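User: Please take a close look at the interior of this model and at how its residues are packed. I would like one connected account that also says which neighbouring features lie on the outside.

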Amino acid sequence: MNYQNLSHSDRYILLCCYFIFFVNGLYAMVFGAIIPLISTEYQLSDTMSGLLLSGHQMGNLIAGLVAGILPVYYGRKKSILFLSSFVMVGFLIMIVTGNPILLLSGFFFTGISRGSISNFNNKTVNDISHSDPAALNLLHSIFAIGALISPFLVIGTTNLFGHTGWKWVSGLMIVLILISQILFSRMDVEDTVEEKQTQNVKDYSFFKDRFFWNAVLILFFYLCAESVITGWLVKYFIDTNTLQVSQAQLISSLLWLAILLGRLFCVFYGSRFTKGNLITGISFGMTIFYFLLLNSTNLTMILISITGLGFSMGGFIQQR
C-alpha cells in the first residue's frame with residue numbers, strides 16, 4: 001500500500017484507526033495493572049477479581065458477534081458509535097461504585113467496546129489498504145505500544161494521586177474514548193444499511209473443514225492463556241510478595257515490549273518458516289517460558305522468562 005496514493009478521506013480514516021487502536025490497546029491492557037488497586041480499594045476477593053476479568057472477556061467475545069451483525073441493520077458508523085460508547089459507561093461505573101454486580105457489568109461493557117473497535121478497525125484498515133499485510137501489522141503494533149504504555153500511566157498517576165491514581169487513569173480513558181467517538185463520527189465510511197437477500201444461499205461448508213476447527217481451537221486456547229497472563233500477571237507477583245507493586249506493573253510493560261518485538265520478528269523473518277512449524281515452535285516457547293516464570297523467585301529469572309514469554313506470544317498473535 002502506498003500511503004501517498006490514498007485519497008484525503010482514506011488517509012484520514014487510516015490515521016484515525018491507528019490512533020483509536022492505540023487507545024484500544026491502552027485501555028484494554030490497563031486492567032492487569034489496576035485490578036490489584038481496584039481489589040484493594042473495594043476489598044474484593046481473588047474470586048471476584050477473576051470474575052471481573054472474565055466479564056471483560058465475555059463482553060469481548062459477544063462483541064465479535066454483535067459487531068458483525070449490527071452494521072447490517074444500522075450501518076457501520078452508527079453501530080461503532082453505539083458500541084464504542086459502552087467503555088465510557090464501564091469506566092464510570094468502576095470509578096463511582098464498588099458494588100460487585102455493577103463492577104461486573106462495567107467490565108463487561110469495556111469488553112463490548114474493545115471487541116467492537118477491534119472488529120471495525122481491522123475491517124476498515126483491511127478494506128482501505130486492499131489487504132496489505134504491512135498496514136495491518138502496523139495497526140496491531142500500535143495496539144501493542146498502547147498496551148506497553150498502560151502500566152506507566154498507572155504508576156505515574158499512583159505516584160501523583162496515591163491509591164486513587166487508578167481512578168484518574170479511568171477518567172483519562174473516558175476522555176480518550178470520547179475523542180475516538182468524535183473521530184469515528186467524522187469518518188467518511190460506507191454507511192448504507194444492507195438489505196436482506198433471502199434468495200442468496202450462504203456457504204457454510206467451512207464448518208466441515210478440519211483445518212478450520214483446528215485453527216479455531218488453537219486460537220481459543222491461546223486467547224485463554226493470553227487473558228490469564230495479561231490479566232493476572234501483576235496481581236500474581238504482588239500477592240506472592242515476589243515484586244513490589246511498581247515493579248510488577250513495569251513487568252507488564254516489559255511483557256508487551258517483548259510481544260511487540262516478537263511481532264516485528266515474524267513480520268520480517270516469519271516467511272522463512274512454514275506456518276505449522278512456526279506456530280509449533282512458538283507454542284513450545286510459550287509453554288517453557290510460562291512454567292519458568294511460575295518458578296522464578298529472583299528478578300533476573302523473572303526478566304528472562306517474561307521476555308521469552310512475551311516474544312513467543314507476539315509471534316503467535318502475528319500468525320493468527
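Analyst: **Buried residues, a cavity and the rings around them**

Leu 14 counts as buried because its relative accessible area is 1%, and it should be kept in mind throughout that this is a predicted model. Leu 14 belongs to helix 1, and its C-alpha atom is separated by 7.5 Å from that of Ile 128, although the two residues are 114 residues apart along the chain.

Helix 1, which spans residues 8-28, also helps to cover another part of the interior, since it is among the elements over the buried residues of helix 5, together with helix 2 (31-42), helix 4 (76-84), helix 6 (100-128) and helix 8 (165-185). Within helix 5 itself, which runs over residues 86-96, the buried residues are Val 87, Met 88, Gly 90, Phe 91, Ile 93 and Met 94. One of these, Phe 91, also takes part in an aromatic cluster, in which ring pairs link it with Tyr 27, Phe 31 and Phe 107.

Phe 31 leads from that cluster to an enclosed space, because it is also one of the residues that line the largest cavity. The count of cavities of 30 Å³ or more comes to 1, and the largest cavity holds about 100 Å³ of space. Its lining consists of Ala 28, Met 29, Val 30, Phe 31, Gly 32, Leu 53, His 56, Gln 57, Arg 114, Ser 227, Thr 230 and Gly 231. Two or more of the lining residues come from each of helix 2, helix 3 (46-74) and helix 9 (210-239). By class, the lining of this cavity has 5 nonpolar, 6 polar and 1 charged residues.

The ring contacts of the structure extend beyond the cluster, and a search of the whole model finds 15 aromatic pairs. In one of them, the ring centres of Phe 82 and Phe 86 are 5.2 Å apart and the planes stand at 85°, so the pair is edge-to-face. Phe 82 has a relative accessibility of 47%, so it counts as partly exposed. Phe 220 and Phe 221 form another edge-to-face pair, with 5.2 Å from centre to centre and 70° between the planes. Here Phe 221 reaches 53% relative accessibility, and for that reason it counts as exposed. A charged side chain also meets an aromatic ring, since Arg 210 lies over the face of Phe 211 at 4.4 Å from the ring centre.

For the outside of the model, Phe 284 offers a contrast to Leu 14: Phe 284 is exposed, with a relative accessible area of 56%, whereas Leu 14 is buried. Phe 284 sits in helix 11, residues 275-294, and its C-alpha atom is 8.7 Å from that of Ser 312, which is 28 residues away in sequence.

Two loop residues complete the picture of the exposed side, and their backbone angles deserve attention, because most residues other than glycine have a negative phi. Gln 43, in the loop between helix 2 and helix 3, has a positive phi of about 55° although it is not a glycine, and it is exposed at 73% relative accessible area. Asn 241 likewise is not a glycine and has a positive phi of about 55°; Asn 241 lies in the loop between helix 9 and helix 10 (245-269), and its relative accessible area of 69% makes it exposed.

Notes:
Residues are numbered from 1 along each chain as its sequence is written. This is a predicted model: local features need pLDDT of at least 70, side-chain atom pairs count only at pLDDT 80 or more; totals for chains, interfaces and linings use all residues. Side-chain values use heavy atoms; hydrogens and water are left out. Buried means under 20% relative accessible area, exposed over 50%, partly exposed in between (1.4 Å probe, protein chains only). Helices (H or I, at least four residues) and strands (E, at least two) are DSSP runs, numbered from the N terminus. Contact means heavy atoms within 4.5 Å. On a 1 Å grid over the protein atoms alone, a cavity is a set of points where a 1.4 Å probe fits but cannot get out, and a pocket is an open set with protein on both sides within 12 Å along at least five of seven lines; lining residues have an atom within 4 Å of a point. Grid points are joined across faces, edges and corners, and a volume is the space filled by probe spheres set on the points. Ala, Val, Leu, Ile, Met, Phe, Trp, Tyr, Cys and Pro count as nonpolar, Asp, Glu, Lys and Arg as charged, and the others, Gly among them, as polar. Rings of Phe, Tyr and Trp (its six-membered ring) pair if their centres lie within 6.5 Å; planes under 30 degrees apart count as stacked, over 60 as edge-to-face and the rest as tilted. A charge sits over a ring if NZ of Lys or CZ of Arg is within 6 Å of the ring centre and within 35 degrees of the ring normal.
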